[in-house]
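Here is a short tour to read with the structure open beside you. We will go through charged pairs, helix packing and strand pairing in turn.

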Amino acid sequence: MHALPLTGLVLSGGGARAAYQVGVLRAIARIRRELQVDSASLASNPFAVISGTSAGAINGAGLACHADDFEAGVERLVQTWSAFRAQQVYRCDALGLLTNGLRWMGVMSMGWAMRRLRPRSLLDNSPLGALLRELVPMHRLPTLLARRHLHALAISASSYSTSQHVTFYQSATPIPAWVRTQPIAAQTMLVHEHLMASSAIPFIFPATRLHHEGRGGWYGDGSMRQSSPLSPAIHLGARRLVVIGAGRMHQPADEVVDDARYPSLAQVAGHAMSSIFLDALSADIERMQRVNRTLEMLSPEQRTSHPLAPIDAIIIAPSQRLDDIAARHVHRLPRPVQLLLRSTGVRDGQRQGAALASYLLFESAYTQELIELGEQDGMAQREALSALLQPSEFTVARAARRQAGFRDSRMPLA
């Protein structure tokens with residue numbers, strides 16, 4: 001059971017950048033150890049609602065499927081991201097890359113004659129499916145929800161078939177689906193295919209077929225057309241949020257230079273990805289803060305009758321440019337991938353084009369550096385997180401009962 005108000009965790013997208021989120025989660029686990037003295041309390045999940053998009057959905061689902069042991073769930077994510085290799089996510093062999101590349105070149109140059117090739121993506125992410133089955137035991141989710149270790153899990157994806165942004169969610173109790181102008185929600189049994197769809201970066205990874213309202217459709221990365229990244233967690237009942245981004249919320253201005261060179265394909269692609277993954281989150285956070293300030297100006301009586309409620313939120317985002325970190329690690333990618341990226345304008349050690357590489361750099365040296373940065377940034381907000389994660393009276397009382405000899409009669413999860 002979770003004490004009211006419910007606390008939600010929001011994890012944004014960002015491909016390999018999501019390693020940063022794992023570092024923040026490790027900091028949260030560390031802070032909880034400082035606050036708690038009881039092992040049972042440490043195992044409990046501090047986040048009643050978990051909402052994730054793209055790679056953040058994978059991290060969120062990994063936590064949700066270990067909601068009965070938060071420490072173990074975080075450690076499992078840390079171990080996976082610390083030992084990452086790109087071939088665990090997408091095919092890196094020369095044959096696979098060459099085949100996809102030739103298909104794209106054929107369609108681009110002779111589209112009418114080569115239409116039967118119909119290339120689905122630049123990279124083949126079939127290895128990711130095997131990784132997800134190992135990292136995210138989705139079969140545990142229904143039991144964890146039934147036992148109230150978790151209130152709800154939400155995974156967002158974008159439909160290429162209908163152009164709608166859809167949040168698929170599974171909850172402990174029925175929660176009415178919400179429909180707004182563009183984003184809609186669908187209560188369903190979540191499976192690995194929802195994660196594959198949510199993390200399918202446009203053009204880079206292929207779409208996944210999902211079913212909604214009895215109709216099948218093709219879905220891609222949940223960051224596309226996601227105008228309100230905080231909305232799913234709030235609709236599912238969270239009134240306090242921990243939001244972990246994968247890009248700087250306030251990017252320092254670069255020195256303005258007269259650049260006569262035409263931007264490379266990598267620079268354009270990196271800029272487009274930043275717009276998809278980062279801009280919507282920043283805008284939604286600003287919108288939430290404006291609503292909070294407006295509500296503060298109302299009298300207590302007016303706030304009681306108002307349909308909106310203030311949301312307490314802690315925002316944690318990288319304190320350093322992840323593009324700069326990625327630029328130092330491009331050479332660690334498999335050689336065929338390096339050659340592919342080089343053809344688009346990515347150069348080892350250079351910032352230009354490094355944004356594109358930062359989403360595909362599933363290599364341990366890079367992900368470990370991001371995990372360390374995430375932990376540092378998380379610990380920098382120790383005071384705010386401590387106040388949010390302080391165990392409730394209910395949790396303390398339950399721990400006391402267990403220490404006194406009472407045992408949970410329910411069978412352990414498989």
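Let's begin with a charged contact: Arg-328 and Glu-369 form a salt bridge, and their closest N and O atoms are 2.2 Å apart. Please keep in mind that this is a predicted model, and that the distance comes from its coordinates. The pair ties together distant parts of the chain, 41 residues apart: Arg-328 sits in the loop between α12 (322-327) and α13 (335-344), while Glu-369 belongs to helix α15. How accessible are the two partners? Arg-328 has 44% relative accessibility and counts as partly exposed. Glu-369 is also partly exposed, at 22% relative accessibility; the cut-off for buried is under 20%, so Glu-369 does not count as buried.

**Other salt bridges**

The count of salt bridges comes to nine. Three of them are set out here, with the distance between the N and O atoms.

| Salt bridge | N to O distance | Places in the chain |
|---|---|---|
| Arg-328 with Glu-369 | 2.2 Å | loop between α12 and α13; helix α15 |
| Arg-30 with Glu-375 | 3.6 Å | helix α1; helix α15 |
| Glu-71 with Arg-33 | 3.0 Å | helix α4; helix α1 |

Helix α15 also holds Glu-375, whose partner Arg-30 lies in helix α1 (residues 19-35), 345 residues apart from it along the chain. Is each partner buried or partly exposed? Glu-375 has a relative accessible area of 16% and is buried, whereas Arg-30, at 34%, is partly exposed. The 16% of Glu-375 falls under the 20% cut-off, which is why Glu-375 counts as buried. This pair has company too: Arg-26, Arg-30 and Glu-375 are linked in a network of salt bridges.

Helix α1 makes another link through Arg-33, which meets the side chain of Glu-71 in a salt bridge. Glu-71 is in helix α4, and the two residues are 38 residues apart. Arg-33 is partly exposed, with 41% relative accessibility.

**Where α4 meets α15**

Both of these helices have already appeared, so it is worth looking at how they pack. Helix α4 (residues 70-82) and helix α15 (residues 364-380) have axes 8 Å apart, at an angle of about 140 degrees. That angle makes α4 oblique to α15, because only angles over 145 degrees count as roughly antiparallel.

Which residues of α4 and α15 meet? From α4 come Val-78, Trp-81 and Ser-82, and from α15 come Ser-364, Thr-367, Gln-368 and Ile-371. By class, this contact has three nonpolar and four polar residues, with no charged ones.

**The buried side of α6**

Helix α4 turns up again beside helix α6 (residues 126-135). The buried residues of α6 are Pro-127, Leu-128, Gly-129, Leu-131, Leu-132 and Leu-135. Their cover includes α3 (55-64), α4 and α8 (192-198).

**Strands around β7**

Finally, let's turn to the strands. Strand β7 (residues 215-221) pairs with strand β3 (residues 152-159) in the antiparallel sense, over three bridges. Ser-158 has Gly-220 in β7 as its bridge partner.

Strand β6 (residues 208-212) also runs antiparallel to β7, and five bridges join the two. Here His-212 stands opposite Arg-215 in β7. What do β6 and β7 form? They form a hairpin with two residues between them, and Glu-213 in the turn has a positive phi of about 55 degrees.

Technical notes: Residues are numbered from 1 along each chain as its sequence is written. This is a predicted model: local features need pLDDT of at least 70, side-chain atom pairs count only at pLDDT 80 or more; totals for chains, interfaces and linings use all residues. Side-chain values use heavy atoms; hydrogens and water are left out. Axes are lines fitted to C-alpha atoms, for helices over the stretch in contact, and angles run from 0 to 180 degrees between N-to-C directions. Helices (H or I, at least four residues) and strands (E, at least two) are DSSP runs, numbered from the N terminus. Angles under 35 degrees count as roughly parallel, over 145 as roughly antiparallel, 65 to 115 as roughly perpendicular and the rest as oblique. Contact means heavy atoms within 4.5 Å. Ala, Val, Leu, Ile, Met, Phe, Trp, Tyr, Cys and Pro count as nonpolar, Asp, Glu, Lys and Arg as charged, and the others, Gly among them, as polar. A salt bridge is a side-chain nitrogen of Lys or Arg within 4 Å of a carboxyl oxygen of Asp or Glu. Buried means under 20% relative accessible area, exposed over 50%, partly exposed in between (1.4 Å probe, protein chains only). Two strands pair if DSSP finds at least two bridges between them.
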